[in-house]
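Q: Please take a close look at a single part of this model, the surroundings of the ligand, and then follow the chain outward from there into the rest of the fold.

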Amino acid sequence: METFIIEDVTKSFQNGEVEAKILKGVNLTLTEGEITALVGPSGSGKSTILTIAAGLQKASGGQILFDGDDMTAMSQENIRKVRSSEFGFVFQSSHLVPFLTVEEQLDLMLDVAETKMDKKQQKEEISRILKLVGMDHRKDAYPPSLSGGEKQRVAIARAIIHKPKILFADEPTASLDTKRKKEVMELIHELTKSLGLTTLMVTHDDEMLPYADRVITMRDGVIV
Ligand SMILES: Nc1ncnc2c1ncn2[C@@H]1O[C@H](COP(=O)(O)OP(=O)(O)OP(=O)(O)O)[C@@H](O)[C@H]1O
């Protein structure tokens, strides 16, 4: 089933007198249960299209259809709601809060997502997800005591704890060594399949491409 359609999206920035056209009409349909990898040279617009799709910045033109609704026509408040309840995010750096335990990071995310769970249910759900990513034994740990790969596992748990439909991953393995990269990518692959996520990932790393169902190349603001 197709849940996410990017249609003729453009993006321009005004640099003084000059208008820089960063995206020149991007079309892309994401499919449930699949990882779509976006590759291409630096500056080709990969992160720009990912952040526009995720509602983190506005397109200059075109449409983003999520479950049939055009996100480019939504109010900021509705975009925020969609983002916090339906989208999950993983970035190159795990961005964990250093003074919250692993369990508290996920609890905070459930509060932000405004799920209907009470605190006891949240605790049970956190435990279930931490088992899924192999981090249940470190639930009371603070991020500075975790390895890079462990931090990314927790970041992935935090990205999926509220049961999002779409997972946006911008260079999720870039800060890791080869062994950890593969482990993290296997986890993203496994979760995409088992939870039926629609995953859009930006990567520079060719070794991660075998885990993708589709590889899309961008060059100079368009898909080639
Ligand atoms: N807010 C902005 N104002 C002006 N130009 C911008 C802005 N954001 C991005 N750009 C420019 O848009 C182009 C595309 O950037 P983007 O980050 O999408 O590329 P990318 O393909 O993800 O690159 P990389 O692989 O290096 O991360 C770059 O030339 C960048 O400098």
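A: For the division of residues used below, Ala, Val, Leu, Ile, Met, Phe, Trp, Tyr, Cys and Pro count as nonpolar, Asp, Glu, Lys and Arg as charged, and the others, Gly among them, as polar. The model is a predicted one, and in it the ligand is surrounded by Phe13, Ala20, Ile22, Gly40, Ser42, Gly43, Ser44, Gly45, Lys46, Ser47 and Thr48. Two or more residues of this shell are given by each of β2 (18-31) and α1 (46-53), and the largest share, three residues, belongs to α1. By character, the shell divides into three nonpolar, seven polar and one charged residue.

As for the wider setting, an unreviewed UniProt entry lists residues 4-224 as "domain: ABC transporter". Over residues 4-224 the chain is 34% helix and 28% strand, with the end C-alpha atoms 20 Å apart.

Within the chain, Glu125 has its place in helix α4 (residues 119-132). Glu125 counts as partly exposed because 18 other C-beta atoms lie within 10 Å, whereas a buried residue would need 20 or more. Once neighbours within four places in sequence are left aside, Glu125 is in contact with Met117 and Ile161. Thr115, ten residues from Glu125 in sequence, is 11 Å from Glu125 in space, C-alpha to C-alpha.

Helix α5 (residues 148-160) has 13 residues and reaches 19 Å from its first C-alpha to its last, which is close to the 18 Å expected at 1.5 Å a residue. Ten of the 13 residues of α5 are buried, so the helix is largely enclosed by the rest of the structure. These buried residues are Lys151, Gln152, Arg153, Val154, Ala155, Ile156, Ala157, Arg158, Ala159 and Ile160, and the elements against which they pack are β6 (87-91), α3 (102-112), α4, β7 (166-170) and α6 (178-195).

The largest nonpolar core has 55 residues, of which Ile156 and Ala157 touch the most other members. The largest share of this core, six residues, comes from α5. Not counting residues up to four places away in sequence, Ile156 touches Val90, Val133, Leu187 and Ile188.

Conventions: Residues are numbered from 1 along each chain as its sequence is written. This is a predicted model: local features need pLDDT of at least 70, side-chain atom pairs count only at pLDDT 80 or more; totals for chains, interfaces and linings use all residues. A residue is near a molecule or strand if its C-beta atom, placed from the backbone, lies within 6 Å of it. Helices (H or I, at least four residues) and strands (E, at least two) are DSSP runs, numbered from the N terminus. UniProt positions are given in the numbering used here, feature names are shortened, and annotations may be inferred rather than shown by experiment. A residue is buried if 20 or more other C-beta atoms lie within 10 Å of its own, exposed if 12 or fewer, and partly exposed in between; C-beta atoms are placed from the backbone. Two residues are in contact if their C-beta atoms, placed from the backbone, lie within 7 Å. The expected span of a helix is 1.5 Å times one less than its number of residues. A nonpolar core is a set of buried Ala, Val, Leu, Ile, Met, Phe, Trp, Tyr and Cys residues joined through C-beta atoms within 7 Å.
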